[in-house]
Amino acid sequence: QSRSIPCFPAFTVGQMMDSDKIKSRDYLWSAPVKGEEVKLPGPPFKLTRTPHTLRTLAPELGQHNQGIGDVARRQSSPETGRVLDLGQGASVPHCGRILAWMGADVIQVESSNRLTSRNSPPFAQGRQGPNTGSLYNALGTNKRSCTLDLTTPQGVELFKGLVQVSDVVIENFATRTMLKFGLGYETLKELNPSIIMLSVSAFGRTGPMKEYVGMHSAVNLFSGVCEVTGYSPEDRPRILGTILPDPVSGTAACMAILEALYYRERTGQGQHIDLSMSETFVNFIPESVAEYSRVGHPPPAIGNRDPYKVPHGVYRCKGADHWVAISVSTEEEWRSLCSTIGQPEVAQDPLFAEPSVRWQHHNELDGIITRWTRQRSHYEAMHLLQQAGVSAGAALNPKDLLNDPHLKARRRVVWTDHPEAGRHRMVGAVWDIGNVPPLKYRHAPCIGQHTDEVLRDLLGLSEQEVERLREEKALT
(Lines give C-alpha, C1' and ligand atoms only; values in the text may rest on other atoms or scores of the structure.)
Protein backbone atom coordinates (compact mmCIF):
# COMPACT_ATOMS: atom_id res chain seq x y z
CA GLN A 1 0.00 0.00 0.00
CA SER A 2 2.90 2.40 0.72
CA ARG A 3 3.82 1.98 -2.96
CA SER A 4 0.19 2.37 -4.13
CA ILE A 5 -0.10 -1.34 -4.96
CA PRO A 6 -3.72 -2.53 -4.50
CA CYS A 7 -2.92 -5.41 -2.14
CA PHE A 8 -4.81 -6.52 0.95
CA PRO A 9 -4.92 -9.45 3.42
CA ALA A 10 -7.95 -11.71 3.71
CA PHE A 11 -9.84 -10.38 6.72
CA THR A 12 -12.17 -12.49 8.80
CA VAL A 13 -15.52 -11.00 9.70
CA GLY A 14 -14.14 -10.25 13.15
CA GLN A 15 -11.01 -8.52 11.84
CA MET A 16 -13.17 -6.34 9.61
CA MET A 17 -15.54 -5.41 12.43
CA ASP A 18 -12.73 -4.69 14.88
CA SER A 19 -10.64 -2.66 12.43
CA ASP A 20 -9.83 0.97 13.12
CA LYS A 21 -11.23 1.83 9.72
CA ILE A 22 -14.70 0.51 10.51
CA LYS A 23 -14.70 2.11 13.95
CA SER A 24 -13.49 5.49 12.71
CA ARG A 25 -16.31 5.70 10.15
CA ASP A 26 -19.05 4.65 12.63
CA TYR A 27 -20.16 2.12 10.07
CA LEU A 28 -21.70 -0.55 12.28
CA TRP A 29 -24.98 0.13 14.07
CA SER A 30 -26.14 -1.42 17.34
CA ALA A 31 -29.70 -2.67 17.56
CA PRO A 32 -31.68 -4.95 19.88
CA VAL A 33 -32.68 -8.21 18.22
CA LYS A 34 -34.78 -10.63 20.29
CA GLY A 35 -33.57 -9.08 23.50
CA GLU A 36 -29.89 -9.05 22.50
CA GLU A 37 -27.79 -6.09 21.40
CA VAL A 38 -26.17 -6.96 18.07
CA LYS A 39 -24.12 -5.11 15.45
CA LEU A 40 -25.51 -4.60 11.96
CA PRO A 41 -24.06 -3.11 8.76
CA GLY A 42 -24.94 0.54 8.25
CA PRO A 43 -25.39 2.37 4.95
CA PRO A 44 -22.30 2.28 2.72
CA PHE A 45 -22.41 5.97 1.86
CA LYS A 46 -22.20 9.14 3.90
CA LEU A 47 -24.01 12.30 2.81
CA THR A 48 -22.84 15.59 4.26
CA ARG A 49 -26.29 17.19 4.58
CA THR A 50 -28.50 14.15 5.10
CA PRO A 51 -26.55 11.77 7.37
CA HIS A 52 -28.25 8.48 8.09
CA THR A 53 -29.38 7.43 11.54
CA LEU A 54 -31.02 4.27 12.82
CA ARG A 55 -34.52 5.73 12.97
CA THR A 56 -36.46 2.51 13.53
CA LEU A 57 -35.77 -1.17 14.01
CA ALA A 58 -36.93 -3.80 11.55
CA PRO A 59 -40.70 -4.06 12.03
CA GLU A 60 -42.40 -6.99 13.68
CA LEU A 61 -44.53 -9.07 11.34
CA GLY A 62 -47.71 -7.08 10.61
CA GLN A 63 -46.70 -4.25 12.94
CA HIS A 64 -47.96 -1.55 10.60
CA ASN A 65 -51.00 -3.26 9.14
CA GLN A 66 -53.20 -0.57 10.69
CA GLY A 67 -52.88 3.08 9.77
CA ILE A 68 -51.06 2.76 6.48
CA GLY A 69 -52.42 5.49 4.26
CA ASP A 70 -51.76 6.48 0.71
CA VAL A 71 -48.17 7.43 0.03
CA ALA A 72 -47.85 10.93 -1.36
CA ARG A 73 -46.09 10.88 -4.68
CA ARG A 74 -43.94 13.78 -5.79
CA GLN A 75 -43.95 14.83 -9.40
CA SER A 76 -40.38 14.68 -10.67
CA SER A 77 -38.93 17.53 -12.65
CA PRO A 78 -39.33 17.16 -16.41
CA GLU A 79 -35.88 18.67 -17.00
CA THR A 80 -33.01 16.41 -17.96
CA GLY A 81 -30.26 16.35 -15.33
CA ARG A 82 -26.61 16.64 -16.33
CA VAL A 83 -23.92 14.40 -14.90
CA LEU A 84 -20.15 14.83 -15.29
CA ASP A 85 -18.75 11.30 -15.18
CA LEU A 86 -15.05 11.10 -14.31
CA GLY A 87 -15.26 7.39 -13.55
CA GLN A 88 -12.71 4.78 -14.52
CA GLY A 89 -12.87 1.03 -13.96
CA ALA A 90 -16.42 -0.17 -13.47
CA SER A 91 -18.13 1.11 -10.29
CA VAL A 92 -18.65 4.78 -11.19
CA PRO A 93 -19.05 4.09 -14.94
CA HIS A 94 -21.83 1.65 -14.01
CA CYS A 95 -23.47 4.34 -11.88
CA GLY A 96 -23.23 6.77 -14.79
CA ARG A 97 -24.75 4.21 -17.14
CA ILE A 98 -27.79 3.76 -14.88
CA LEU A 99 -28.26 7.52 -14.68
CA ALA A 100 -27.97 7.75 -18.48
CA TRP A 101 -30.57 5.01 -18.88
CA MET A 102 -32.81 7.02 -16.54
CA GLY A 103 -32.58 9.94 -18.94
CA ALA A 104 -29.72 12.06 -17.59
CA ASP A 105 -27.27 13.74 -19.95
CA VAL A 106 -24.13 11.91 -18.80
CA ILE A 107 -20.91 13.41 -20.10
CA GLN A 108 -17.85 11.19 -19.77
CA VAL A 109 -15.03 13.63 -19.01
CA GLU A 110 -11.84 11.77 -19.88
CA SER A 111 -8.36 12.06 -21.32
CA SER A 112 -6.51 9.90 -23.78
CA ASN A 113 -3.58 10.07 -21.36
CA ARG A 114 -5.46 7.87 -18.87
CA LEU A 115 -7.71 5.22 -20.35
CA THR A 116 -8.20 2.58 -17.67
CA SER A 117 -11.66 1.50 -18.79
CA ARG A 118 -11.06 1.89 -22.51
CA ASN A 119 -7.87 -0.18 -22.38
CA SER A 120 -9.49 -3.19 -20.73
CA PRO A 121 -9.72 -6.34 -22.89
CA PRO A 122 -11.27 -8.14 -24.62
CA PHE A 123 -11.38 -5.97 -27.71
CA ALA A 124 -13.81 -6.18 -30.62
CA GLN A 125 -12.41 -8.28 -33.46
CA GLY A 126 -9.17 -8.48 -31.45
CA ARG A 127 -8.27 -4.90 -32.43
CA GLN A 128 -6.95 -3.04 -29.39
CA GLY A 129 -7.89 0.62 -29.25
CA PRO A 130 -9.69 3.17 -27.09
CA ASN A 131 -12.99 2.59 -28.89
CA THR A 132 -13.02 -1.21 -29.12
CA GLY A 133 -12.76 -2.30 -25.48
CA SER A 134 -15.73 -4.40 -24.41
CA LEU A 135 -15.85 -3.09 -20.82
CA TYR A 136 -16.12 0.53 -21.89
CA ASN A 137 -18.57 -0.22 -24.67
CA ALA A 138 -20.82 -1.96 -22.16
CA LEU A 139 -20.60 0.77 -19.52
CA GLY A 140 -20.56 3.77 -21.83
CA THR A 141 -23.93 3.36 -23.51
CA ASN A 142 -26.09 6.50 -23.80
CA LYS A 143 -23.23 8.76 -22.64
CA ARG A 144 -21.34 11.54 -24.38
CA SER A 145 -17.52 11.85 -24.37
CA CYS A 146 -15.63 15.09 -23.81
CA THR A 147 -11.84 15.00 -23.57
CA LEU A 148 -10.27 17.42 -21.09
CA ASP A 149 -6.76 17.22 -19.67
CA LEU A 150 -7.27 18.14 -16.02
CA THR A 151 -3.53 18.36 -15.48
CA THR A 152 -3.59 21.62 -17.47
CA PRO A 153 -4.95 24.96 -16.17
CA GLN A 154 -7.15 25.30 -19.24
CA GLY A 155 -8.63 21.85 -18.74
CA VAL A 156 -9.43 22.62 -15.11
CA GLU A 157 -11.12 25.92 -16.03
CA LEU A 158 -13.22 24.20 -18.68
CA PHE A 159 -14.30 21.58 -16.18
CA LYS A 160 -15.25 24.32 -13.71
CA GLY A 161 -17.40 25.85 -16.42
CA LEU A 162 -19.17 22.53 -16.94
CA VAL A 163 -19.75 22.19 -13.19
CA GLN A 164 -21.65 25.46 -13.23
CA VAL A 165 -24.19 24.05 -15.69
CA SER A 166 -24.40 20.52 -14.25
CA ASP A 167 -26.21 18.72 -11.46
CA VAL A 168 -23.91 15.89 -10.44
CA VAL A 169 -20.18 15.07 -10.54
CA ILE A 170 -19.15 11.44 -10.03
CA GLU A 171 -15.56 10.24 -9.57
CA ASN A 172 -13.50 7.36 -8.19
CA PHE A 173 -9.97 8.72 -8.28
CA ALA A 174 -7.52 8.23 -5.43
CA THR A 175 -8.49 10.28 -2.38
CA ARG A 176 -6.34 13.35 -3.06
CA THR A 177 -6.59 13.45 -6.85
CA MET A 178 -9.51 15.88 -7.14
CA LEU A 179 -7.84 18.15 -4.58
CA LYS A 180 -4.63 18.09 -6.63
CA PHE A 181 -6.64 19.19 -9.64
CA GLY A 182 -8.11 22.00 -7.54
CA LEU A 183 -11.53 20.41 -7.93
CA GLY A 184 -12.43 19.27 -4.42
CA TYR A 185 -16.03 19.46 -3.24
CA GLU A 186 -15.57 22.80 -1.45
CA THR A 187 -14.35 24.35 -4.70
CA LEU A 188 -17.18 22.86 -6.73
CA LYS A 189 -19.71 24.03 -4.15
CA GLU A 190 -18.50 27.62 -4.53
CA LEU A 191 -18.99 27.37 -8.28
CA ASN A 192 -22.41 25.73 -7.98
CA PRO A 193 -24.06 25.53 -4.52
CA SER A 194 -26.54 22.96 -5.81
CA ILE A 195 -23.91 20.57 -7.17
CA ILE A 196 -23.95 16.99 -5.90
CA MET A 197 -20.55 15.28 -5.86
CA LEU A 198 -20.11 11.52 -5.48
CA SER A 199 -16.72 10.09 -4.49
CA VAL A 200 -16.31 6.32 -4.60
CA SER A 201 -13.28 4.52 -3.19
CA ALA A 202 -12.39 1.10 -1.84
CA PHE A 203 -12.30 2.21 1.81
CA GLY A 204 -13.94 5.63 1.95
CA ARG A 205 -12.61 9.21 2.02
CA THR A 206 -12.19 9.33 5.79
CA GLY A 207 -10.50 7.15 8.38
CA PRO A 208 -7.03 5.61 8.67
CA MET A 209 -7.33 3.77 5.33
CA LYS A 210 -8.55 6.68 3.21
CA GLU A 211 -5.27 6.71 1.23
CA TYR A 212 -5.32 2.96 0.60
CA VAL A 213 -5.89 1.83 -2.96
CA GLY A 214 -7.89 -1.23 -3.85
CA MET A 215 -10.03 -2.77 -6.53
CA HIS A 216 -12.64 -5.51 -6.39
CA SER A 217 -10.30 -8.14 -4.90
CA ALA A 218 -9.24 -5.88 -2.00
CA VAL A 219 -12.88 -4.99 -1.39
CA ASN A 220 -13.74 -8.70 -1.23
CA LEU A 221 -10.90 -9.38 1.18
CA PHE A 222 -11.47 -6.49 3.58
CA SER A 223 -15.22 -7.03 3.83
CA GLY A 224 -14.97 -10.43 5.53
CA VAL A 225 -17.18 -11.94 2.84
CA CYS A 226 -14.34 -14.25 1.80
CA GLU A 227 -14.47 -15.97 5.20
CA VAL A 228 -18.06 -17.10 4.82
CA THR A 229 -18.22 -18.00 1.11
CA GLY A 230 -15.88 -21.01 1.12
CA TYR A 231 -16.84 -24.66 0.76
CA SER A 232 -16.14 -25.54 4.40
CA PRO A 233 -14.71 -23.96 7.56
CA GLU A 234 -11.33 -25.54 6.65
CA ASP A 235 -11.33 -24.15 3.11
CA ARG A 236 -9.08 -21.28 2.05
CA PRO A 237 -10.64 -17.82 1.73
CA ARG A 238 -12.76 -17.53 -1.41
CA ILE A 239 -13.56 -14.20 -3.03
CA LEU A 240 -16.71 -13.79 -5.07
CA GLY A 241 -15.55 -13.77 -8.65
CA THR A 242 -15.09 -11.16 -11.35
CA ILE A 243 -15.76 -7.51 -10.48
CA LEU A 244 -18.95 -8.02 -8.47
CA PRO A 245 -18.18 -5.24 -5.94
CA ASP A 246 -18.15 -2.68 -8.76
CA PRO A 247 -21.72 -2.98 -10.07
CA VAL A 248 -22.99 -3.44 -6.50
CA SER A 249 -21.24 -0.23 -5.44
CA GLY A 250 -22.30 1.58 -8.60
CA THR A 251 -25.93 0.73 -7.94
CA ALA A 252 -25.64 1.90 -4.32
CA ALA A 253 -24.03 5.10 -5.60
CA CYS A 254 -27.01 5.70 -7.86
CA MET A 255 -29.36 5.32 -4.87
CA ALA A 256 -27.31 7.85 -2.90
CA ILE A 257 -27.46 10.34 -5.79
CA LEU A 258 -31.23 9.98 -6.03
CA GLU A 259 -31.48 10.66 -2.30
CA ALA A 260 -29.32 13.78 -2.69
CA LEU A 261 -31.41 14.95 -5.66
CA TYR A 262 -34.58 14.49 -3.63
CA TYR A 263 -33.08 16.62 -0.85
CA ARG A 264 -31.96 19.25 -3.36
CA GLU A 265 -35.42 19.38 -4.88
CA ARG A 266 -36.78 20.42 -1.46
CA THR A 267 -33.94 22.71 -0.35
CA GLY A 268 -31.96 23.75 -3.41
CA GLN A 269 -28.77 22.54 -1.73
CA GLY A 270 -26.30 20.02 -3.06
CA GLN A 271 -23.97 17.86 -0.99
CA HIS A 272 -21.01 15.50 -1.05
CA ILE A 273 -21.43 11.71 -1.03
CA ASP A 274 -18.61 9.50 0.28
CA LEU A 275 -19.18 5.86 -0.72
CA SER A 276 -16.99 3.00 0.50
CA MET A 277 -17.06 -0.05 -1.77
CA SER A 278 -15.93 -2.31 1.07
CA GLU A 279 -18.77 -1.11 3.29
CA THR A 280 -21.18 -1.75 0.43
CA PHE A 281 -19.94 -5.31 0.28
CA VAL A 282 -20.30 -5.89 4.03
CA ASN A 283 -24.03 -5.46 3.47
CA PHE A 284 -23.91 -8.87 1.75
CA ILE A 285 -23.37 -10.59 5.10
CA PRO A 286 -25.56 -8.89 7.75
CA GLU A 287 -26.27 -12.22 9.46
CA SER A 288 -22.53 -12.92 9.78
CA VAL A 289 -21.93 -9.47 11.30
CA ALA A 290 -24.78 -9.97 13.77
CA GLU A 291 -23.63 -13.48 14.68
CA TYR A 292 -20.05 -12.38 15.31
CA SER A 293 -21.24 -9.58 17.59
CA ARG A 294 -23.32 -12.14 19.55
CA VAL A 295 -21.04 -15.13 19.94
CA GLY A 296 -17.61 -14.09 18.66
CA HIS A 297 -17.65 -15.97 15.35
CA PRO A 298 -19.74 -15.88 12.14
CA PRO A 299 -21.76 -18.80 10.78
CA PRO A 300 -19.42 -21.38 9.20
CA ALA A 301 -18.86 -21.59 5.46
CA ILE A 302 -21.12 -24.30 3.99
CA GLY A 303 -20.50 -24.00 0.27
CA ASN A 304 -23.62 -24.08 -1.87
CA ARG A 305 -25.79 -25.42 0.93
CA ASP A 306 -28.31 -23.52 3.00
CA PRO A 307 -28.85 -23.85 6.77
CA TYR A 308 -32.63 -24.27 6.33
CA LYS A 309 -33.39 -25.36 2.76
CA VAL A 310 -32.59 -28.91 1.70
CA PRO A 311 -31.75 -30.03 -0.90
CA HIS A 312 -30.02 -26.83 -1.90
CA GLY A 313 -27.17 -26.84 -4.37
CA VAL A 314 -25.85 -26.68 -7.92
CA TYR A 315 -25.99 -29.96 -9.85
CA ARG A 316 -24.07 -31.05 -12.92
CA CYS A 317 -26.10 -31.54 -16.10
CA LYS A 318 -25.47 -33.05 -19.53
CA GLY A 319 -22.70 -31.23 -21.37
CA ALA A 320 -19.18 -30.03 -20.75
CA ASP A 321 -19.90 -27.42 -18.09
CA HIS A 322 -23.65 -27.14 -17.58
CA TRP A 323 -25.33 -26.93 -14.19
CA VAL A 324 -28.72 -26.36 -12.60
CA ALA A 325 -29.42 -24.79 -9.20
CA ILE A 326 -32.11 -26.42 -7.06
CA SER A 327 -33.53 -25.12 -3.78
CA VAL A 328 -36.32 -26.82 -1.84
CA SER A 329 -38.14 -24.85 0.87
CA THR A 330 -41.30 -26.83 1.64
CA GLU A 331 -42.42 -30.42 2.03
CA GLU A 332 -44.64 -29.97 -1.02
CA GLU A 333 -41.62 -28.97 -3.11
CA TRP A 334 -39.69 -31.92 -1.67
CA ARG A 335 -42.34 -34.42 -2.74
CA SER A 336 -42.61 -32.77 -6.19
CA LEU A 337 -38.84 -32.99 -6.63
CA CYS A 338 -38.79 -36.70 -5.78
CA SER A 339 -41.65 -37.36 -8.17
CA THR A 340 -40.10 -35.35 -11.01
CA ILE A 341 -36.76 -37.16 -10.84
CA GLY A 342 -38.58 -40.51 -10.84
CA GLN A 343 -37.84 -41.34 -7.22
CA PRO A 344 -41.15 -40.85 -5.34
CA GLU A 345 -40.15 -43.46 -2.75
CA VAL A 346 -37.20 -41.30 -1.66
CA ALA A 347 -39.67 -38.84 -0.11
CA GLN A 348 -40.60 -41.56 2.43
CA ASP A 349 -37.08 -42.85 3.03
CA PRO A 350 -36.18 -42.52 6.74
CA LEU A 351 -32.88 -40.94 5.71
CA PHE A 352 -34.75 -38.05 4.07
CA ALA A 353 -38.07 -37.91 5.89
CA GLU A 354 -37.47 -34.66 7.79
CA PRO A 355 -35.51 -31.54 6.71
CA SER A 356 -33.05 -31.85 9.61
CA VAL A 357 -32.41 -35.50 8.76
CA ARG A 358 -32.10 -34.70 5.05
CA TRP A 359 -29.46 -32.12 5.92
CA GLN A 360 -27.39 -34.76 7.70
CA HIS A 361 -27.52 -36.95 4.58
CA HIS A 362 -27.10 -34.16 2.03
CA ASN A 363 -24.26 -35.97 0.20
CA GLU A 364 -26.37 -39.06 -0.45
CA LEU A 365 -29.26 -36.87 -1.58
CA ASP A 366 -26.99 -34.91 -3.93
CA GLY A 367 -25.93 -38.16 -5.55
CA ILE A 368 -29.53 -39.18 -6.22
CA ILE A 369 -30.36 -35.80 -7.77
CA THR A 370 -27.17 -35.68 -9.84
CA ARG A 371 -27.90 -39.06 -11.44
CA TRP A 372 -31.08 -37.45 -12.83
CA THR A 373 -29.63 -34.05 -13.81
CA ARG A 374 -26.65 -35.65 -15.62
CA GLN A 375 -29.10 -37.10 -18.14
CA ARG A 376 -30.60 -33.72 -19.04
CA SER A 377 -29.52 -30.31 -20.25
CA HIS A 378 -29.54 -27.48 -17.71
CA TYR A 379 -32.52 -25.88 -19.45
CA GLU A 380 -34.49 -29.15 -19.60
CA ALA A 381 -33.85 -29.81 -15.89
CA MET A 382 -34.94 -26.29 -15.02
CA HIS A 383 -38.14 -26.43 -17.05
CA LEU A 384 -39.20 -29.85 -15.72
CA LEU A 385 -38.62 -28.85 -12.11
CA GLN A 386 -40.27 -25.45 -12.51
CA GLN A 387 -43.34 -27.07 -14.05
CA ALA A 388 -43.53 -29.24 -10.94
CA GLY A 389 -43.34 -26.22 -8.63
CA VAL A 390 -39.70 -26.69 -7.58
CA SER A 391 -37.38 -23.67 -7.40
CA ALA A 392 -34.71 -24.33 -10.02
CA GLY A 393 -32.63 -22.27 -12.40
CA ALA A 394 -30.15 -23.09 -15.14
CA ALA A 395 -26.65 -21.71 -14.49
CA LEU A 396 -26.11 -19.59 -17.58
CA ASN A 397 -22.83 -18.61 -19.19
CA PRO A 398 -22.56 -15.38 -21.26
CA LYS A 399 -23.58 -17.14 -24.48
CA ASP A 400 -26.64 -18.59 -22.74
CA LEU A 401 -27.59 -15.18 -21.38
CA LEU A 402 -27.44 -13.42 -24.72
CA ASN A 403 -29.55 -16.15 -26.33
CA ASP A 404 -31.98 -16.69 -23.46
CA PRO A 405 -35.56 -16.51 -24.82
CA HIS A 406 -36.92 -15.04 -21.59
CA LEU A 407 -34.43 -12.15 -21.57
CA LYS A 408 -35.06 -11.58 -25.27
CA ALA A 409 -38.82 -11.48 -24.74
CA ARG A 410 -38.37 -8.86 -22.00
CA ARG A 411 -36.07 -6.78 -24.24
CA ARG A 412 -33.13 -7.21 -21.87
CA VAL A 413 -30.74 -8.22 -24.64
CA VAL A 414 -30.23 -5.34 -27.03
CA TRP A 415 -28.17 -4.70 -30.14
CA THR A 416 -25.94 -1.70 -30.64
CA ASP A 417 -24.02 -0.60 -33.73
CA HIS A 418 -20.65 0.97 -33.01
CA PRO A 419 -18.57 2.63 -35.74
CA GLU A 420 -15.40 0.80 -34.62
CA ALA A 421 -16.52 -2.05 -32.36
CA GLY A 422 -19.17 -3.15 -34.83
CA ARG A 423 -22.60 -4.61 -34.18
CA HIS A 424 -22.84 -6.47 -30.90
CA ARG A 425 -25.27 -7.54 -28.22
CA MET A 426 -25.36 -6.41 -24.61
CA VAL A 427 -27.58 -6.65 -21.56
CA GLY A 428 -29.68 -3.53 -21.16
CA ALA A 429 -31.68 -1.93 -18.37
CA VAL A 430 -33.51 -4.30 -16.06
CA TRP A 431 -36.71 -2.31 -15.60
CA ASP A 432 -39.87 -1.26 -17.38
CA ILE A 433 -41.70 1.82 -16.09
CA GLY A 434 -45.43 2.01 -16.67
CA ASN A 435 -46.28 3.75 -19.90
CA VAL A 436 -42.79 5.19 -20.41
CA PRO A 437 -41.62 4.33 -23.95
CA PRO A 438 -38.93 1.65 -24.21
CA LEU A 439 -35.42 2.96 -23.70
CA LYS A 440 -33.52 3.80 -26.86
CA TYR A 441 -29.92 2.64 -26.60
CA ARG A 442 -27.03 4.60 -28.09
CA HIS A 443 -23.62 3.04 -28.52
CA ALA A 444 -20.81 4.07 -26.21
CA PRO A 445 -19.13 7.19 -27.59
CA CYS A 446 -15.80 7.15 -29.33
CA ILE A 447 -13.22 9.00 -27.30
CA GLY A 448 -13.72 12.75 -27.59
CA GLN A 449 -16.68 12.29 -29.93
CA HIS A 450 -18.69 15.09 -28.32
CA THR A 451 -15.94 17.44 -27.15
CA ASP A 452 -16.69 20.21 -29.63
CA GLU A 453 -20.42 19.82 -29.16
CA VAL A 454 -20.22 20.01 -25.36
CA LEU A 455 -17.89 23.01 -25.28
CA ARG A 456 -19.86 24.85 -27.93
CA ASP A 457 -23.36 24.17 -26.62
CA LEU A 458 -22.76 24.28 -22.86
CA LEU A 459 -19.91 26.78 -22.55
CA GLY A 460 -20.55 28.88 -25.65
CA LEU A 461 -17.05 28.46 -27.11
CA SER A 462 -16.48 29.18 -30.77
CA GLU A 463 -14.92 26.73 -33.19
CA GLN A 464 -11.77 28.85 -33.18
CA GLU A 465 -11.53 28.75 -29.37
CA VAL A 466 -12.01 24.99 -29.32
CA GLU A 467 -9.32 24.53 -31.95
CA ARG A 468 -6.92 26.73 -29.98
CA LEU A 469 -7.50 24.68 -26.83
CA ARG A 470 -6.86 21.52 -28.81
CA GLU A 471 -3.57 22.92 -30.10
CA GLU A 472 -2.61 23.81 -26.50
CA LYS A 473 -3.19 20.15 -25.51
CA ALA A 474 -6.01 20.99 -23.11
CA LEU A 475 -8.38 18.71 -25.06
CA THR A 476 -6.55 15.37 -25.20
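In this predicted model, R238 pairs up with D235 in a salt bridge, with their closest N and O atoms 2.9 Å apart. Neither partner is tucked away: R238 is partly exposed, at 26% relative accessible area, and D235 also counts as partly exposed, at 23%.

A second pair sits within one helix. K189 and E186 both belong to helix α7, which covers residues 185-191. They are 3 residues apart, or about one turn of that helix, and their side chains meet in a salt bridge with an N to O distance of 3.2 Å. K189 has a relative accessible area of 25%, so it is partly exposed. For E186 the value is 49%, which still means partly exposed, since the exposed class starts only over 50%.

Further along the chain, R468 and E472 join their side chains in another salt bridge, this one at 3.3 Å from N to O. Here, too, both ends are partly exposed: R468 shows a relative accessible area of 39%, and E472 one of 35%.

Salt bridges can also link up into something bigger than a pair. K21, R25, D274 and E279 are connected in a network of them. Altogether, the count comes to 25 salt bridges. As for the charges in general, the protein carries 51 positive and 52 negative ones, and the mean positions of the two sets lie 3 Å apart.

S288 offers a look at the inside. This serine is part of helix α12, residues 286-295. Its relative accessible area is just 2%, so S288 is buried. Leaving aside residues up to four places away in sequence, S288 touches V13, V228, P298 and P299. Across the protein, 44% of the 476 residues count as buried.

Stepping back to the whole chain, the secondary structure adds up to 20 helices and 14 strands. The radius of gyration is 25 Å, close to the 23 Å that the globule rule gives for 476 residues, so the protein is as compact as a globular protein of that length. Measured out along the principal axes, the C-alpha trace spans about 85 × 55 × 50 Å. Contacts reach far along the sequence: among those with a separation of 6 or more, 69% come from residues 24 or more positions apart. On the outside, the accessible surface amounts to about 24,700 Å², and carbon and sulfur atoms make up 53% of it.

Terms used:
Residues are numbered from 1 along each chain as its sequence is written. This is a predicted model: local features need pLDDT of at least 70, side-chain atom pairs count only at pLDDT 80 or more; totals for chains, interfaces and linings use all residues. Side-chain values use heavy atoms; hydrogens and water are left out. Helices (H or I, at least four residues) and strands (E, at least two) are DSSP runs, numbered from the N terminus. The radius of gyration is taken over C-alpha atoms; the globule rule is 2.2 Å times the number of residues to the power 0.38. Buried means under 20% relative accessible area, exposed over 50%, partly exposed in between (1.4 Å probe, protein chains only). Contact means heavy atoms within 4.5 Å. Accessible areas come from the Shrake-Rupley method with a 1.4 Å probe; for residues, only the protein chains shown count as cover. Lys and Arg count as positive and Asp and Glu as negative; His and the chain ends are not counted. The place of a charge is taken as NZ of Lys, CZ of Arg, CG of Asp or CD of Glu. A salt bridge is a side-chain nitrogen of Lys or Arg within 4 Å of a carboxyl oxygen of Asp or Glu.
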